[in-house]
Amino acid sequence: MKNISLNVKNAMSFFDSKEIEYIKPAVAKAQQMLEEGTCPGNDFLGWLHLPSSIKEDFIGMVQNCANALRANCDTIVVAGIGGSYLGARAVIESLSNSFTWLQRDKKNPTIIFAGNNISEDYLFELTEYLKDKKFGVINISKSGTTTETALTFRLLKKQCEDQRGKEEARKVIVAITDAVKGAARKAAEKEGYDTFVIPDNVGGRFSVLTPVGLLPIACAGFDIKALVEGATSMEKACAADVPFENNIAAQYAAVRNILYQGGKKIEILVNYQPKLHFMSEWWKQLYGESEGKDGKGIFPASCDFTTDLHSMGQWIQQGERSIYETVISVENTRHSLLFPNDEENLDGLNFLAGKHIDEVNKMAELGTRLAHVDGGVPNIRIVMPEINEYYIGQLIYFFEIGCGISGNILSVNPFNQPGVEAYKKNMFALLDKPGYEKESAAIKERLAKEI
């Protein structure tokens with residue numbers, strides 16, 4: 001099978017080609033640090049060779065659990081936040097029919113994502129929706145105390161038990177959590193839930209190829225074996241011993257860092273297929289949380305084209321030249337649809353009659369790339385042969401290894417997220433959580449002065 005490919009010509013035209021030669025040693029060192037485990041955050045490198053380490057019997061275990069949930073549920077709620085849901089949602093949305101949510105799919109359960117916000121209206125509406133559903137829950141939390149997810153799971157657990165009875169509810173609630181410790185582990189053991197382990201050495205944003213992502217994806221009816229095979233093939237294609245000229249992850253890390261050093265502070269991930277919207281959301285967390293620290297980091301943004309050309313297009317074309325684009329191009333569509341002829345031709349579009357809709361989309365993509373390059377926007381292009389499990393697996397690993405290399409080039413720890421804790425401390429102080437008495441007093445005093 002073909003691999004996804006990378007084209008950086010329309011980015012390299014914005015800097016001297018010697019810059020590539022200058023950065024190659026730093027790229028090689030950054031990847032070697034990952035391989036040797038000598039980089040900051042080296043206790044979270046379990047993702048690096050994860051695809052090739054996944055055994056067929058493990059995939060079978062995950063699939064068997066998914067089959068049991070599929071047989072007993074018309075709806076499955078995935079409770080998790082950040083990396084505990086974005087990867088799974090990215091894959092499921094990429095592979096799903098765009099309008100399945102409007103109609104009952106007789107073959108597959110509806111997958112709903114919750115536990116990623118604290119909106120009372122959202123949670124009320126979710127519980128109302130579930131009142132006549134045979135639903136199950138996949139609770140994803142290493143600690144079991146993450147506020148958004150724990151709050152949501154408490155609601156869902158009670159509702160599932162009320163509607164199905166405690167014994168039946170135990171069979172349709174699955175915990176994906178720490179191997180031995182944490183509130184979620186204790187609850188799972190007490191209630192007798194089926195469980196899967198989040199590996200200690202795999203951080204949330206790198207966890208899509210663990211049960212965190214694999215179980216929900218399998219529940220949705222997609223081929224997790226093909227997903228892992230795609231990731232494994234990209235692991236080999238981007239290995240540390242692959243020459244720079246053939247290593248697309250090394251090239252991506254190199255070019256984006258050269259652009260960053262040249263003043264391009266914002267990377268816009270662009271797609272021309274709406275199905276890839278949540279792939280961009282996952283990518284934003286992966287790169288934002290990995291690189292944005294120590295006063296450094298490229299700001300990850302995303303756009304859905306051609307839709308956002310009618311909202312962000314003007315800024316991208318002529319705004320401040322602090323941006324570059326990485327475009328995901330999809331070569332082949334799943335379906336065929338021809339543009340019809342119209343006798344009156346009031347819209348003047350008969351020149352498109354008989355053409356595939358995708359041909360129009362691809363000309364819009366090409367025209368936009370040319371216009372943006374002419375407008376001073378460097379352009380990186382990732383080409384996917386098609387959207388399926390295998391190539392999504394490739395894309396996931398490509399972005400993961402590219403992120404690890406890029407973070408090491410920046411000299412940050414790509415695998416921690418200390419800044420995420422700041423809002424939590426303030427929130428707990430404001431809510432008078434036990435143990436936060438000093439923080440509560442301090443923040444209330446601060447607020448009193450600001451009023």
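# Exercises on pockets, a cavity and salt bridges

α7, α13 (277-291) and α17 (421-430) each contribute at least two residues to the lining of the second largest pocket. The exercises below work outward from that pocket, and the structure they treat is a predicted model.

**Exercise 1. Describe the second largest pocket: what is its volume, and which residues lie closest to its centre?**

Solution. Begin with the volume, which comes to about 720 Å³ for the second largest pocket. Next take the lining, where 27 residues are counted, and those closest to the centre are Ser 84, Thr 146, Gly 204, Gln 417 and Lys 424. Then ask which element gives the most: this is α17, with three residues in the lining. Finally, sort the lining by residue class, which yields nine nonpolar, twelve polar and six charged residues.

**Exercise 2. Carry out the analysis for the largest pocket: how much space lies in it, and which elements give two or more residues to its lining?**

Solution. The space in the largest pocket is about 1,500 Å³. Its lining is made up of 42 residues, and Glu 93, Ser 96, Asn 97, Ser 98 and Lys 275 are the ones nearest the centre. The elements that supply two or more lining residues are α5 (86-95), β3 (110-114), α6 (120-129), β9 and α15. By class, the lining of the largest pocket separates into 19 nonpolar, 16 polar and seven charged residues.

**Exercise 3. How many cavities of 30 Å³ or more does the structure hold, and which residues line the largest cavity?**

Solution. There is one cavity of 30 Å³ or more in the structure, and the volume of the largest cavity is about 50 Å³. Its lining consists of Tyr 272, Gln 273, Leu 276, Ile 328, Ser 329, Val 330, Asp 358, Asn 361, Lys 362 and Glu 365. Assigning these residues to elements, one finds that β9 (323-332) and α15 (357-374) are those that give two or more, and that α15 has the largest share, with four residues. In terms of class, four of the lining residues are nonpolar, three are polar and three are charged.

**Exercise 4. Compare the sequence setting of two salt bridges, Glu 21 with Lys 24 and Lys 157 with Glu 191, and place the second in its network.**

Solution. The structure holds 24 salt bridges, of which these pairs are examples. In the pair Glu 21 and Lys 24, the closest N and O atoms are 3.4 Å apart. Because Glu 21 and Lys 24 are three residues apart in helix α2 (residues 18-36), about one helical turn separates them. Glu 21 has a relative accessible area of 47%, so this residue is classed as partly exposed.

For the pair Lys 157 and Glu 191, the closest N and O atoms are 3.6 Å apart. Here Lys 157 belongs to helix α7 and Glu 191 to helix α9 (residues 183-191), so this salt bridge ties together parts that are 34 residues apart in sequence. Glu 191 also meets Lys 190 in a salt bridge, at 3.5 Å from N to O. The accessibilities of these two partners can be read off in turn: Glu 191, at 10% relative accessibility, counts as buried, whereas Lys 190, with a relative accessible area of 68%, is exposed. The last step is to follow the links, which place Lys 157, Glu 161, Glu 167, Arg 170, Lys 190 and Glu 191 in a network of salt bridges.

**Exercise 5. Which residues form a nonpolar patch on the surface with about 240 Å² of accessible area together, and where is Leu 155 found?**

Solution. The patch is formed by Ile 118, Leu 151 and Leu 155, whose accessible area together is about 240 Å². Leu 155 is found in helix α7 (residues 147-164). To classify this residue, note that the partly exposed range runs between 20% and 50% relative accessible area; Leu 155 stands at 39% and therefore counts as partly exposed.

**Exercise 6. Where does Thr 307 lie, and how many residues separate Thr 307 from Pro 274 in sequence?**

Solution. Thr 307 is located in the loop between β8 (299-304) and α14 (313-318). With a relative accessible area of 55%, Thr 307 is exposed. Thr 307 and Pro 274 are 33 residues apart in sequence, while in space their C-alpha atoms are 9.1 Å apart.

Technical notes:
Residues numbered from 1 in each chain as written. Predicted model: local features only at pLDDT ≥ 70, side-chain atom pairs only at ≥ 80, totals over all residues. Heavy atoms only, no water. Patch = residues over 30% accessible without salt bridge, like charges linked within 9 Å, V, L, I, M, F, W, Y side chains within 5 Å. Areas by Shrake-Rupley, 256 points an atom, 1.4 Å probe, with all protein chains shown as cover. Salt bridge = Lys/Arg side-chain N within 4 Å of Asp/Glu carboxyl O. Buried < 20%, exposed > 50% of the residue type's maximum accessible area, 1.4 Å probe, protein only. 1 Å grid on protein atoms, 1.4 Å probe; cavity = no way out; pocket = protein on both sides within 12 Å on 5 of 7 lines; lining within 4 Å. Points joined across faces, edges and corners; volume = space filled by probe spheres on them. Nonpolar A, V, L, I, M, F, W, Y, C, P; charged D, E, K, R; others polar.
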